[in-house]
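Visitor: I've got the model open and would like a walk through how its chains meet. Could you take me along the interface?

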There are 2 protein chains.
Amino acid sequence: MRNVYVAGVGMHACGRFLEKSLKELTYKAVWDAIHDSEIDPRAIQAAYVGNAYAGLTTGQESIRGEVALNYCGFEGIAMVNVENACASGSTAFREAWIGVAAGLYDVAIAVGVEKLHCDSTSQSLKALSTSTDIESMGSLGVQFSGLYAMKLKNYMETYDVSVETLAEVVVKNSQSASLNPNAQIRKVLTAEDVLHSKLIADPITLYMVTPISDGAAAAVLCSEQFARKAMKKPKVKIAASSLKTGYFTQAVTKGQTVAERTSQEAYKMAGIGPEDVDLVELHDAIAPGELHMVEELGLCGPGEAPKLIRDKRTSLQGDIPVNPSGGLVSRGHPVGATGLAQIAEAVWQLRNEAGPRQVAGRNGKGPRIALTQNAGGRLENDTAVGVIHIFEKV
Amino acid sequence: MRNVYVAGVGMHACGRFLEKSLKELTYKAVWDAIHDSEIDPRAIQAAYVGNAYAGLTTGQESIRGEVALNYCGFEGIAMVNVENACASGSTAFREAWIGVAAGLYDVAIAVGVEKLHCDSTSQSLKALSTSTDIESMGSLGVQFSGLYAMKLKNYMETYDVSVETLAEVVVKNSQSASLNPNAQIRKVLTAEDVLHSKLIADPITLYMVTPISDGAAAAVLCSEQFARKAMKKPKVKIAASSLKTGYFTQAVTKGQTVAERTSQEAYKMAGIGPEDVDLVELHDAIAPGELHMVEELGLCGPGEAPKLIRDKRTSLQGDIPVNPSGGLVSRGHPVGATGLAQIAEAVWQLRNEAGPRQVAGRNGKGPRIALTQNAGGRLENDTAVGVIHIFEKV
C-alpha cells in the first residue's frame, strides 16, 4: 500500500445552526479543506461522505453526499456515502485512505457532516437512538448515558475514584475549548459547575455529556508522490488506520475493548508505542469516558487515569495532552462529522497551527505523533465500531 | 493493485416479505454467499453493507450493517455501511474490491439489502423520493418514471421507435425471469399485456416499471493468492470497476452519460471492448431504459438497440444476452441489493450455473466476460452515480 498524506483540513464550527442546511455546513468544511491543501480542486478524484442521521433529521437520505457535494461544485468524481453512527467521519476518512493507498486515486476528500438540530429535541433523540439495534434495544429506554454510567460506577468503585475527578475532566476540556473558535461550548467550567448541573444518570451530570451539535469537517488526502509535487506546507502522513467492531462499554461483557484492539493494531502499523504519542483526540461522548479511554489506548495502566488528570498531564500543557480541541463534550459532537473534526485538530496541532491551544510535544519542539480515536453505535452484545488513526509529522 | 476474485455469491429472492426483517433477508444472502465460496467464514476480515432506505422504512439507521451482520454471527471484523441510492449494492462491492485490491484485506464480503415494503406504499414511495435532492426536487412531483419518459419520448421520435418495441424489452425479460427462482415477477408477459397495463407516464406503462421489492444479495471477495489457496470452483476475476458521477437521464442536459464514462473506463481497465462481452446485467429501472443503456455501453451504435431487441440478439439465446436474470423490472429491484443481485447473476452465468436461463457465450462454449451496470440517484443538474463492473472467467 502507498503512503498517504493529509494535504489539508477544514471545518464548520460545532453548534446549533437551524438556519443552515446540510449543504451549507458541508460547503464551509470542504472548501476550507481544499484551500488549506493548496491542491487544485480538479485533482480530486473521489469523495467519501460520512453522515449518520440526515435521513431522519432533514429528510435527505440515499444520496446525501452527492447532494451536498453538488452544492459545493463537484460533479463527475466518484462519490460514496458511508455511515457508522458516531464513527461515520473517521470511516469516511479511512475509506478515502484505502482508495489512495491502493493506488486507485491520487487525491480524495473525506467529509463528515451532521445536522442534528431539527424540528424538535425528541426528533434528534429518536435519530440518535437508531445507533442501536432498534428491534431489540430501541424501545427499552437504556440510553447511552445509562450504559456509560454503569461502566463508570464500576470503575469508580474498583479504583476509588471521586466525582470530583470526573468533574476535572470536564474542567480541563472546557479550558481547551475556550481557546477553540470551532467549539460549541466555550465557557470555562469549574468543578462546582459540573457537579451542580442536572443529574442525568448517576454519576453523570448534564455538563459531562455531549450537546446536540450541527457541524462539518473535511480532509483532503493524497498520495506521497502527489504530496511531494503539490504541497508546500509541513506534511502530515497517515501512519496507521484501524477499524474493527468489538466490545465497547463493557457494561455487559468483560474482555478486550474495541479501542484496545484497534489501537494495538494501529501502533503496530505505525511502528510506535503509546509512549511516542504527543497528543490524543479521543471519543468522550461522556467526558469521564476519557478516563477509560486513556487506559484502553495504553497511555497509562489500569486505574492510573485519575492520577493523569489530577497531575494535569493530559492538559494542554501536559506531556500527553488529551482532547486539545475540547473533545466531544466541549467542542461538540456533530455525530457524522466528529471523527473528521478530531483529525482536523490532530493536523492543526502537528502543523503547529493550533494557536492558543497549541501543544508543545513531548520534547517541547512541537508534536510529532497524534492519535485519534472515534467510536460508534452499540449492539445488544455490547459491540460497536471503533476507529483509530495515527498521524506523523514528516 | 492486487487481482481480486469473487469467491462466492448468495441471494435472497426478490419480492414482498412483510414478515421478514432486514436481518433475516441479510442472513440468507450472506450465508449462501459464504457456503458458495467454500471459504472459512472466520477468514472474512471486512464487510461492506449497501442499503438505501432502512432508516425511513424500518427505522434502523446509522448502524444497519452492524445490526444485520451481528444477527448473521459476525463480530470483530471491520464493518462499513455504504449508501448510493439504487447503486448502493455495487458501491459496497466496489469498496470491498478496493480493500482487497489494496492489500488491506485478504477476504471481504459485500452485502446489499433492502426492505422497501413497509407500513404503506406512500411510505415506500417517500423513501424512494429521497434519492433526489429533496430541497430542490423532493416536492416538485417529477418522479423518476416521468424523467425516463422524457428521455424515451425523445429517443422514440429520433429513431422512429414504436411502443411495440418498448414492450418487447419487457416480454424478453419476463421470459428470462420466469426461469429465475429469485425473480419477483415470474409470469411470462405478452406485448399486449404490457401495452394494455396502466399508463404511468406516456409511453411508460405499469408493466414497464420496477415493482417495489424486498431482497438481499452478497458476494465474498478474496485476493488472488487466497483464491489459489482456498477455492476449488471455477474462478471469477474482477477485471474492472468504475464508479463516477455524471449525466444520467439526459432529460435536462445532453452530453456523455455516466454509463458511457464508466463503461469506457472499465473497458480500458479490463483491456477489452464491448465486442468481448458475453452477457450484461444492466439497470433497467424502466424496462425500455435497456434500449438507451445497450447503446451507452457501446454494445451497438446510437439508435440500433431496437433492432437488437427485434432480432432477439439480447435474448437468452442471442449473442449478447442482456438481463438474463430478468432485470430490475422482472427479477425485482430491492434498491440497496440490486447491484449485488446483478453481480450474483453475472457470477452464476460465468460459472455455467444459471440452469434453464444459462447463456452460451459468443463462442457457444459458455460465457467468459460479464458486465454489470448499476446507477443511483439523480440531482437537479441530471447527474447520478454510475457503477460498472466487468468479470472474467479465468
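**Where the two chains meet**

Visitor: How many residue pairs are in polar contact across the interface of chain B and chain A?
Guide: Keep in mind that this is a predicted model. Across the interface of chain B and chain A, counting pairs with both residues at pLDDT 80 or more, the residue pairs in polar contact come to 38.

Visitor: Which element gives the most residues to the side of chain B that touches chain A?
Guide: The elements giving two or more residues to that side include helix H2 (54–57), helix H3 (64–71) and helix H4 (88–102) of chain B. Strands S3 (78–83), S8 (236–247) and S11 (383–393) of chain B are on that list too. With seven residues, the top contributor is H4(B).

Visitor: And what's the mix on that side: how many residues are nonpolar, polar and charged?
Guide: The contact takes 57 residues from chain B and 57 from chain A. On the side of chain B that touches chain A, those residues split into 23 nonpolar, 20 polar and 14 charged.

Visitor: How much area do chain B and chain A bury between them?
Guide: Of the buried area, 51% is on carbon and sulfur atoms. In chain B, Glu61(B), Ser62(B) and Glu83(B) lose the most area to chain A, together 13% of what that side buries. For the two chains between them, the figure is about 4,400 Å².

Visitor: Which residue of chain A forms a salt bridge with Glu83(B)?
Guide: The rule finds eight salt bridges across this interface. In the one formed by Glu83(B), the closest N and O atoms are 2.9 Å apart. That is inside the 4 Å cut-off, and the partner is Arg64(A).

Visitor: In S3(B), which residue is the bridge partner of Asn81(A)?
Guide: Strand S3 (residues 78–83) of chain A and S3(B) run antiparallel, joined by three bridges. In S3(B), the partner of Asn81(A) is Glu83(B).

Visitor: Where does Lys115(A) sit, given its salt bridge with Asp214(A)?
Guide: The side chains of Asp214(A) and Lys115(A) meet at 3.9 Å, N to O. This pair links distant parts of the chain, 99 residues apart. Asp214(A) is in strand S7 (residues 214–223) of chain A, while Lys115(A) is in strand S4 (residues 107–115) of chain A.

Visitor: Last one: how are the two copies related?
Guide: Chain B superposes on chain A, with RMSD 0.0 Å, after a rotation of 180 degrees with 0.0 Å of shift along its axis. The copies are therefore related as by a two-fold rotation axis.

Methods: Residues numbered from 1 in each chain as written. Chains lettered and ligands numbered in written order. Predicted model: local features only at pLDDT ≥ 70, side-chain atom pairs only at ≥ 80, totals over all residues. Heavy atoms only, no water. Least-squares fit on C-alpha atoms with pLDDT ≥ 70 in both. Contact = heavy atoms within 4.5 Å. Buried area = accessible area lost by both parts, 1.4 Å probe. Polar contact = N/O pair within 3.5 Å; in protein donor to acceptor, adjacent residues only side chain to side chain. Helix = DSSP H or I, 4+ residues; strand = E, 2+ residues; numbered from the N terminus. Nonpolar A, V, L, I, M, F, W, Y, C, P; charged D, E, K, R; others polar. Pairing = 2+ DSSP bridges.
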